[in-house]
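Student: I should like to work through this structure by question and answer. Please show me the sequence and the model before we begin.

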Amino acid sequence: MSTQLRSRGADAVARVLQNAGVKRVFTLSGNHIMAVFDALLDTEIELIHTRHEAAAVHMADACARITGEPAIALVTGGPGHANAVPALYTAQMAESPVILLSGHAPNSELGRGAFQELLQADMARPVSKGAYTCRGSEAAAPDLVRALRLARSGRRGPVNLNLPSDALEGPADPNTPLRMDVLQTSKSLDLGSATAVLERLAHAARPVILVGPSLMSRAGRARLAGLEDACAIAAVGMESPRGLADPSLGAFAEVLARADCVLLLGKRLDFTIRFGRAAVFHEDCEFLQIDPEETEIDRSIAAVGPRLAFAAVADTLPAVEALTNKARANAGNHAWLSEVKAAVAYRPPAWEKVRSSIPGPVHPLDLLRPLQGVLDSHPDAVFISDGGEIGQWAQAYLHAPTRLTNGPAGAIGAGLPFALGARCAVPDAPIVAIMGDGTFGFHIAELDTAVTHKLAFTVVIGNDAKWNAEYQIQLREFGANRARGCEMRPVRYDQVALAMGAQGELVTQAEEMPVAVKRAVASGLPACINVMIESLAAPQISR
């Protein structure tokens, strides 16, 4: 039946998604959302059917970060919604525009003990930009437009819209006009503020621009590079829960401590930079801030007081554009710029000489070496990092046009769903995910999803049979004799992959790694390389 003849709230939802350019929905079926499944059959939107609701959100998160556009997760109400909500935290902290559409008990039965009745919006509100419940079938379309707009405006982030089953099944006028143009909205940086910021930076001897997760996408990095070139001031992105200890930042912490003026461009003055404290920044360092949210500026004032010399409210992307355009005639301190960039790029020269013992478990660097060639083979390659210590080694050593991490949330477990979402967004390029054996277990069943939907990628597991990040904390803080409770078994994850129809490879010696990588990539399947590694702490880089 064509959409012109259908007039349910569910059909209105489908129509909004199609008009918004949505190509796929990541979902797990359930009673409350069957009308949406039915309505989507009349569109060109693909359903990617997952094995867990949180995985659906993570897939949407990856897709949204890569494309820069809102991505959709659709789950049923009650326990389905409850399973999905924790994954919103990762998207929220990564400033990723995810829309979680959740089925919901019917409005007509609320407060009467309805099937799977739950205060769903209340549950999702702390980990989203907004969470609300549709009040009726005629509200379904405008509520969804509102969610799409909210997700992509200001500081981007996830939004939850709950769809009661009677709102989906009730009548909705198919001819009601929808203002899709309202999805395009942003708050620009005015010329006076751009000028004031650039003048203060130009008068500084050692200025630095710090940016947050919203500029860590491929497109964001390109804009950041343009700003850096225009004003000759180092622009450094931060997206790791380890803050300045993120090994992908090299020895950056050493030079940041000498900066005399720091522009926070969409970057929160939060735990990742120790709230502006003197241990991280020089005690006389001046701060400037451009942020989409007035509340973030208020927090900065509370943290550093009068050292916040200037602040303006503006969305990050238009602010970058305004600064770049205004800065084209400015000349910065090129020697300082080179010093900062060299510090970020620094890696210990001794790493190139590190080799695994033969025989013996594989050193993380030997696990990683054969993978850089894969990432270098295509201009759209994607590198995904998920896990504790092995993830830090990967972030220090590997680079790619697009990188996805767990972001400031620090929640592990998203790597495998990220790979599926990335494949949907990037159909042809290599996708390599590095995971620990602990994090791989979170969503292992999504290998079946990948096989079902023919989504190929390579996931490499650093298997040391322990939760190594926590084990390293125990060693450091309590001693070896009190290191307990982090042990696991050296599971044959490669055989699990084979059982699900994927490619599986076992690597026990470093010399086996290049061949295993070649077979995995050539298989054209979701591929799991299970590498028995040396259990090492994450690298701490300093010069």
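Student: What percentage of the residues of the chain count as buried?
Tutor: The model is a predicted one, so every value here is computed from predicted coordinates. A residue counts as buried when its relative accessible area is under 20%. Of the 543 residues, the share that counts as buried is 57%.

Student: How many helices and how many strands does the chain contain?
Tutor: Both kinds of element occur in the chain. The helices number 21, and the strands number 17.

Student: What radius of gyration does the chain have, and why does it agree with a compact globule?
Tutor: For 543 residues, a compact globule would have a radius of gyration near 24 Å. Along its principal axes, the C-alpha trace spans about 65 × 65 × 45 Å. The radius agrees with the globule because the chain has 24 Å.

Student: Which percentage of the contacts with a separation of 6 or more comes from residues 24 or more positions apart?
Tutor: Contact here means heavy atoms within 4.5 Å. Among contacts with a separation of 6 or more, the share due to residues 24 or more positions apart is 77%.

Student: How far apart are the mean positions of the positive and negative charges?
Tutor: The chain carries 50 positive and 57 negative charges. Its accessible surface is about 21,400 Å², with 53% belonging to carbon and sulfur atoms. The mean positions of the two sets of charges are separated by 3 Å.

Student: Which residues of strand β17 lie on the side opposite Pro526, Cys528, Asn530 and Met532?
Tutor: Strand β17 covers residues 526-532, and 7 of its 7 residues are buried, so the rest of the structure largely encloses it. Both of its faces are covered. One side holds Pro526, Cys528, Asn530 and Met532, and the other holds Ala527, Ile529 and Val531.

Student: Which strands pair with β17, and in what sense?
Tutor: Strand β15 (residues 457-463) pairs with β17 over 7 bridges, and Thr458 stands opposite Ala527. Strand β16 (residues 503-507) pairs with β17 over 5 bridges, and Gly504 stands opposite Cys528. The partners are thus β15 and β16, and the sense in each pairing is parallel.

Student: Which residue of β15 is the bridge partner of Ile434?
Tutor: Strand β14 (residues 431-436) runs parallel to β15, joined by 5 bridges. In β15, 7 of 7 residues are buried: Phe457, Val459, Ile461 and Asn463 point one way, whereas Thr458, Val460 and Gly462 point the other way. A residue of β15 has Ile529 as its bridge partner in β17, and that residue, also the partner of Ile434, is Val460.

Student: Is Thr316 buried or exposed?
Tutor: Thr316 is found in helix α12 (residues 316-326). Leaving aside neighbours within four places in sequence, Thr316 is in contact with Ser214, Leu215, Leu265, Gly266 and Pro292. Its relative accessible area is 7%, which is under the 20% cut-off, so Thr316 is buried.

Student: Which elements are included in what covers the buried residues of α12?
Tutor: The buried residues of α12 are Thr316, Pro318, Ala319, Val320, Ala322, Leu323 and Thr324. Their cover includes two helices and two strands: α8 (191-203), α9 (218-231), β9 and β10.

Student: How far is Thr27 from Ala56 in space?
Tutor: Thr27 is found in strand β1 (residues 24-27) and counts as buried, at 0% relative accessibility. Beyond four places in sequence, Thr27 touches residues including Ile33, Phe37, Leu47 and Ala56. Thr27 and Ala56 are 29 residues apart in sequence, and their C-alpha to C-alpha distance is 5.6 Å.

Student: What is phi of Glu95?
Tutor: Glu95 lies in the loop between α4 (79-93) and β4 (98-104). At 7% relative accessibility, Glu95 counts as buried. Glu95 is a residue other than glycine with a positive phi, near 55°.

Student: Where is Arg274 found?
Tutor: Arg274 is not a glycine, although its phi is positive, at about 50°. Arg274 is found in the loop between β9 (261-265) and β10 (286-291).

Student: Which two residues are joined by a cis peptide bond?
Tutor: The proline of this bond is found in the loop between α13 (334-345) and α14 (364-375). Omega of the bond is about -10°. The residues joined are Ile358 and Pro359.

Definitions and conventions
Residues numbered from 1 in each chain as written. Predicted model: local features only at pLDDT ≥ 70, side-chain atom pairs only at ≥ 80, totals over all residues. Heavy atoms only, no water. Helix = DSSP H or I, 4+ residues; strand = E, 2+ residues; numbered from the N terminus. Rg over C-alpha atoms; globule rule 2.2 N^0.38 Å. Buried < 20%, exposed > 50% of the residue type's maximum accessible area, 1.4 Å probe, protein only. Areas by Shrake-Rupley, 256 points an atom, 1.4 Å probe, with all protein chains shown as cover. Lys, Arg positive; Asp, Glu negative; His and termini not counted. Charge placed at Lys NZ, Arg CZ, Asp CG, Glu CD. Pairing = 2+ DSSP bridges.
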